[in-house]
2 protein chains.
Amino acid sequence: MPPFTKGSSRVPTPAYHQSTIIPGRSSCQQRRVVSTAPIQHIQDLSGPEQRLLNKLYEGLIGGQRASLAESITLVETQHPRKKELAQVLLQRVLAYRKEQESRNGGKPVAFRVGLSGPPGAGKSSFIEVVGKMLTARGHKVSVLAVDPSSCTTGGSLLGDKTRMTELSRDMNAFIRPSPASGTLGGVTRTTNEAVVLCEGAGYDIVLVETVGVGQSEFAVADMVDMFVLLIPPAGGDELQGIKRGIIERADLVVVTKSDGDLVVPARRIQTEYTSALKLLRRQSKSWNPKVVRASSYTSEGIPEVWAKMESYRDAMLASGELQGRRRAQQKVWMWSLIQENVLQHFQNHPSVRDSLPHLEERVTKGAISPGLAADLLLKAFSSS
Amino acid sequence: MPPFTKGSSRVPTPAYHQSTIIPGRSSCQQRRVVSTAPIQHIQDLSGPEQRLLNKLYEGLIGGQRASLAESITLVETQHPRKKELAQVLLQRVLAYRKEQESRNGGKPVAFRVGLSGPPGAGKSSFIEVVGKMLTARGHKVSVLAVDPSSCTTGGSLLGDKTRMTELSRDMNAFIRPSPASGTLGGVTRTTNEAVVLCEGAGYDIVLVETVGVGQSEFAVADMVDMFVLLIPPAGGDELQGIKRGIIERADLVVVTKSDGDLVVPARRIQTEYTSALKLLRRQSKSWNPKVVRASSYTSEGIPEVWAKMESYRDAMLASGELQGRRRAQQKVWMWSLIQENVLQHFQNHPSVRDSLPHLEERVTKGAISPGLAADLLLKAFSSS
């Protein structure tokens with residue numbers, strides 16, 4: 001296992017800035033015979049298991065909120081057998097959704113919108129107001145949350161029903177807090193799968209909310225059709241809470257709380273972000289990021305925000321970019337899970353665990369080169 | 001090998017946006033007895049090998065350009081035994097540099113500056129003018145280039161001596177084009193090691209130049225003390241060549257070609273970037289990114305650019321941030337190499353190679369979930 005193979009097309013590029021690695025595929029894969037049927041490794045289902053899955057599936061596609069909630073709980077489980085059952089359920093829902101999509105001329109059955117912003121941007125109020133407007137217009141709206149800190153704080157504040165009192169009582173809305181799993185990878189995998197379940201249950205708008213904890217905003221931007229950044233009408237230090245790089249991922253920036261005395265600062269922030277976005281590279285050929293103002297308190301600007309979101313969706317669907325982005329996201333996500341797992345495997349290797357602390361310390365002190373340390377660790381990993 | 005272990009502190013975070021993964025260290029590493037001496041795996045050196053290394057080392061620390069060039073060539077080699085020799089040489093130079101640093105009160109022996117910018121920003125002219133000014137002031141300047149495209153184009157344009165005619169004839173300057181290795185990982189590893197060799201040879205200023213190819217700008221930003229972005233005084237489409245996210249990595253933005261008719265547009269660009277940078281999150285507590293104008297043609301602004309670079313260095317050294325950044329870079333670099341190699345190992349695994357094309361296709365089409373595909377591939381990887 002030489003560390004670098006000259007000119008090999010299969011060597012993956014380090015994820016210097018990308019969301020995750022998508023290693024280049026080899027052009028000489030000759031033995032492509034083995035067809036791994038997706039769930040063939042799952043043992044025959046017992047009678048009760050079969051009945052449970054049937055009940056969940058029927059309830060879910062029937063649009064029952066209790067079945068949807070129970071299905072998401074199954075997807076979140078850490079229990080090995082239940083995890084397998086969750087995958088069987090997910091396969092059935094994926095097939096159902098695919099069928100619906102082909103009836104729909106290949107168009108996605110739902111619009112996935114990511115929402116982020118620094119603390120104090122008013123995310124919950126915004127989602128409450130937008131969500132209620134959408135259900136009043138006949139949409140079914142689900143709200144999911146990604147908060148990798150929830151495992152340490154002992155529970156998620158995000159997607160907390162008490163903060164969206166009206167929406168949580170709305171029969172056409174479904175609100176789910178962040179799963180309390182140990183890693184961002186775990187949380188985002190679960191959320192990705194919960195999105196599929198919500199779509200199967202007939203929710204045509206899926207909102208994924210996150211805070212700027214760790215890399216969660218980038219994880220959310222990587223799983224939605226549109227990424228919306230909420231900014232409060234404040235300057236200076238407050239805006240320091242916005243993660244570097246995330247502004248460039250925004251398809252739409254909403255300056256919130258644009259009412260009363262805050263209209264003037266909100267306008268100023270709007271102008272500043274409009275100029276700043278012009279200097280940043282465009283993500284899409286069919287859409288230029290916009291900056292709008294809105295107030296969740298007076299509802300001023302809220303219908304316009306949704307109109308902008310709809311024009312984004314229409315433009316991206318018409319150009320095929322939305323569909324392309326989804327395909328790319330699936331692949332990125334698969335490689336991200338593989339990467340996380342394989343590196344974990346590496347770190348748990350006994351020889352690596354023996355040498356790592358010492359070598360890492362020497363590297364940090366500049367006593368040996370990072371290249372040599374990596375070589376030594378890789379040698380330890382591959383030799384036993 | 002379960003894909004996600006709940007609450008495990010050893011599970012690495014996917015590199016959603018970070019340069020590279022630095023997995024969390026376990027707190028329960030009990031068997032930390034084995035001390036892997038850095039180069040103990042290298043067989044005894046033969047007489048000629050010993051003499052070669054001695055000659056290179058003595059020449060290098062004596063400041064001979066030919067020895068430095070030959071040492072970098074050794075570091076760039078793909079030959080297994082020569083690679084080992086390169087590591088022995090590097091160890092000696094690292095030890096020498098460390099000794100110098102401790103004599104210097106722990107201060108780094110050189111200032112490492114990364115330079116980037118879109119095509120047409122005038123990078124070569126800028127380096128020529130700044131480099132000559134610095135050698136005239138008694139500095140020794142080396143210029144290294146990172147261009148991962150050089151392997152496909154059959155040679156690097158960057159760091160091309162013909163584009164820096166005067167500097168290349170300067171006895172206090174050393175110019176080295178990009179190595180023609182196959183991967184960005186390979187090129188950046190080599191460049192990192194070349195930086196160490198230049199410092200050993202007494203160069204107190206190391207400039208690392210790159211173009212915006214792939215992720216090379218981020219790789220360079222991750223290996224220097226200061227990252228400088230050069231921007232031409234042009235608007236609109238030209239600026240689209242600037243990679244997303246890279247503006248936020250810049251410690252200094254230089255608007256180039258600020259002379260004659262271009263002074264007015266250069267001023268406008270300067271104002272725009274100054275406002276834009278205010279909206280971006282600060283990277284450092286001791287430095288606010290600045291935007292300056294300069295002309296390589298009239299030399300106007302060039303001494304001021306260098307003065308800004310010196311105040312950056314002084315502020316970062318005084319706060320200890322520069323030293324901290326270097327320590328973090330070393331660790332990031334080690335993990336980046338490990339990640340690249342381990343994923344390559346994964347992809348070359350026969351069972352993975354058999355299943356990958358089929359599974360990847362199904363994931364892209366939305367027929368199976370990325371999570372299930374990752375599980376199946378990881379199962380194939382770990383079961384044989």
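A residue counts as buried when its relative accessible area is under 20%, as exposed when that area is over 50%, and as partly exposed in between. The structure described here is a predicted model, and the residues discussed below were sorted on this scale.

B:Met164 has a relative accessibility of 0% and therefore counts as buried. B:Met164 does not belong to a helix or a strand but to the loop of chain B that runs between α5 (150-153) and α6 (165-168). Along the chain, 40 residues separate B:Met164 from B:Ser124, yet the C-alpha atoms of the two are 6.4 Å apart.

A second buried residue of chain B is B:Phe111, which falls in this class because its relative accessibility is 1%. B:Phe111 is part of strand β1, which covers residues 111-116 of chain B. Which residues does B:Phe111 touch, when those up to four places away in sequence are not counted? The list consists of B:Asp204, B:Ile205, B:Val206, B:Asp225, B:Met226, B:Trp306, B:Met309, B:Tyr312 and B:Arg313. The distance from B:Phe111 to B:Cys198 was also computed: the two residues are 87 positions apart in sequence, and their C-alpha atoms are 11 Å apart in space.

Chain A as a whole was then described. Its secondary structure consists of 13 helices and 7 strands. Chain A has 384 residues, and 57% of them count as buried. Among contacts in chain A with a separation of 6 or more, 74% are made by residues 24 or more positions apart. The area exposed by chain A is about 15,000 Å², of which 51% is supplied by carbon and sulfur atoms.

Two residues of chain A illustrate opposite ends of the accessibility scale. A:Val305 has a relative accessible area of 1%, so this residue is buried. Helix α10 of chain A, residues 302-319, contains A:Val305. With neighbours within four places in sequence left aside, A:Val305 is in contact with A:Phe126, A:Leu252, A:Val254, A:Val292 and A:Ala294. A:Gly62, 243 residues away along the chain, has its C-alpha atom 31 Å from that of A:Val305. A:Pro48, by contrast, counts as exposed because its relative accessibility is 54%. This proline lies in helix α1 of chain A, residues 47-61. Between the C-alpha atoms of A:Pro48 and A:Gln329 the distance is 35 Å, and 281 residues separate the pair along the chain.

Backbone angles were examined for two loop residues. In A:Lys257, phi is near 55°, a positive value in a residue other than glycine. A:Lys257 sits in the loop of chain A between β6 (252-255) and α9 (263-279). Its relative accessibility is 35%, so A:Lys257 counts as partly exposed. B:Ser299, which is likewise not glycine, has a positive phi near 70°. The loop that holds B:Ser299 connects β7 (290-293) and α10 (302-319) of chain B. B:Ser299 also counts as partly exposed, because its relative accessibility is 35%.

Internal space was considered last. Rolling a probe the size of a water molecule over the atoms shows where empty space is left. How many cavities of 30 Å³ or more does a search of the whole structure find? The search gives 8 such cavities. The largest cavity holds about 80 Å³ of space. Its lining is made up of 10 residues, and those closest to the centre are A:Asn192, A:Asp222, A:Met223, A:Gln329 and A:Trp333. By residue class, the lining contains 5 nonpolar, 3 polar and 2 charged residues. Helix α11 of chain A, residues 321-348, supplies the largest share of the lining, with 4 residues. Why does the largest cavity lie between domain 2 (111-320) and domain 3 (330-383) of chain A? The cavity is placed between these domains because both of them give residues to its lining.

Key
Residues numbered from 1 in each chain as written. Chains lettered and ligands numbered in written order. Predicted model: local features only at pLDDT ≥ 70, side-chain atom pairs only at ≥ 80, totals over all residues. Heavy atoms only, no water. 1 Å grid on protein atoms, 1.4 Å probe; cavity = no way out; pocket = protein on both sides within 12 Å on 5 of 7 lines; lining within 4 Å. Points joined across faces, edges and corners; volume = space filled by probe spheres on them. Nonpolar A, V, L, I, M, F, W, Y, C, P; charged D, E, K, R; others polar. Domains from an automatic or database assignment. Buried < 20%, exposed > 50% of the residue type's maximum accessible area, 1.4 Å probe, protein only. Contact = heavy atoms within 4.5 Å. Areas by Shrake-Rupley, 256 points an atom, 1.4 Å probe, with all protein chains shown as cover.
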